[in-house]
Amino acid sequence: MSARLPRPDPIQPGSGQESVWSFPRPAIAEPSDAHIRIEFDGRVIAETRRSARVIETSHPPAYYVHPDDFDASALKPNARRTLCEWKGPASYFDVVGPNKTAEAAAWRYPPPVPSIQPIAGY
C-alpha cells in the first residue's frame, strides 16, 4: 500500500525571484542570454550566452547549452536512455575530466517534442 504525500505549500517568492509553482506544465523552452559557465574537475567545459532555459511546474529551471559552446572532449556517450512525457527521449553523456568522471551527468533530447524545440541538439 502506498500513501499519497501532500503537495508542499509554495513559498511566496521575493523581489526578483520566480516560483517553480508558477511555471507551466507541460514544460516549455525559451532562449536565454544568461551567462552560463560549467566547470568540472578544475576546467571550464562550457561557457555561453546562447542557451535554452526549460521551465516546468515544481522543477528548477534547466539550462541547455548550444553544442558549439561545449568542450566536446569533456563528453563521452553513455548507454543510458530515458523518456520524458513532456520532452521526449533523452540520451546521456558521461562528463570526463583529467582526474574524474561523472556518469550520465549530461543529457540531450535529440528529437524533442515540438513545444520545446529550442533545445534540439542542445
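1. Let's start with the second largest pocket, since its make-up is easy to read: the lining splits into eight nonpolar residues, one polar and two charged. One thing to keep in mind from here on is that this is a predicted model.

2. Which residues are we talking about? Val54, Ile55 and Glu56 are there, along with His59, Pro60, Pro61, Ala62 and Tyr64, and the list is completed by Lys87, Trp107 and Tyr109. If you want to find the spot on screen, pick those out and look at the space between them, about 150 Å³ in volume.

3. Two elements give two or more residues each to this second lining, namely strand S4 (51-56) and S5. S5 has the largest share, with five residues.

4. Now for the largest pocket. How much space does it hold? About 520 Å³. Its lining takes in 21 residues, and the ones nearest the centre are Val65, Phe70, Leu75, Ala106 and Trp107. Trp107 is worth clicking on, as this residue also turns up in the lining of the second largest pocket.

5. Which strand supplies the largest share of the lining of the largest pocket? That would be S8, with five residues. The elements giving two or more residues here are strand S2 (36-40), strand S5 (59-64), strand S7 (88-96) and strand S8 (101-108). S5 is therefore a name to remember, because it also appears among the elements that give two or more residues to the second lining, where an element means a helix or strand run.

6. What is the lining of the largest pocket like chemically? It divides into 19 nonpolar residues, one polar and one charged.

7. Stepping back to the whole chain, you won't find a helix: the count is zero helices and eight strands. Read from the N terminus, the order is simply β-β-β-β-β-β-β-β.

8. For a sense of scale, the C-alpha trace spans about 45 × 40 × 30 Å along its principal axes. The chain has 122 residues, and 34% of them count as buried.

9. On the outside, the accessible surface comes to about 8000 Å², with carbon and sulfur atoms accounting for 53% of that.

10. Last point, on how the chain touches itself. Take the contacts between residues at least 6 apart in sequence: 46% of these join residues at least 24 apart.

Conventions
Residues are numbered from 1 along each chain as its sequence is written. This is a predicted model: local features need pLDDT of at least 70, side-chain atom pairs count only at pLDDT 80 or more; totals for chains, interfaces and linings use all residues. Side-chain values use heavy atoms; hydrogens and water are left out. On a 1 Å grid over the protein atoms alone, a cavity is a set of points where a 1.4 Å probe fits but cannot get out, and a pocket is an open set with protein on both sides within 12 Å along at least five of seven lines; lining residues have an atom within 4 Å of a point. Grid points are joined across faces, edges and corners, and a volume is the space filled by probe spheres set on the points. Helices (H or I, at least four residues) and strands (E, at least two) are DSSP runs, numbered from the N terminus. Ala, Val, Leu, Ile, Met, Phe, Trp, Tyr, Cys and Pro count as nonpolar, Asp, Glu, Lys and Arg as charged, and the others, Gly among them, as polar. Buried means under 20% relative accessible area, exposed over 50%, partly exposed in between (1.4 Å probe, protein chains only). Contact means heavy atoms within 4.5 Å. Accessible areas come from the Shrake-Rupley method with a 1.4 Å probe; for residues, only the protein chains shown count as cover.
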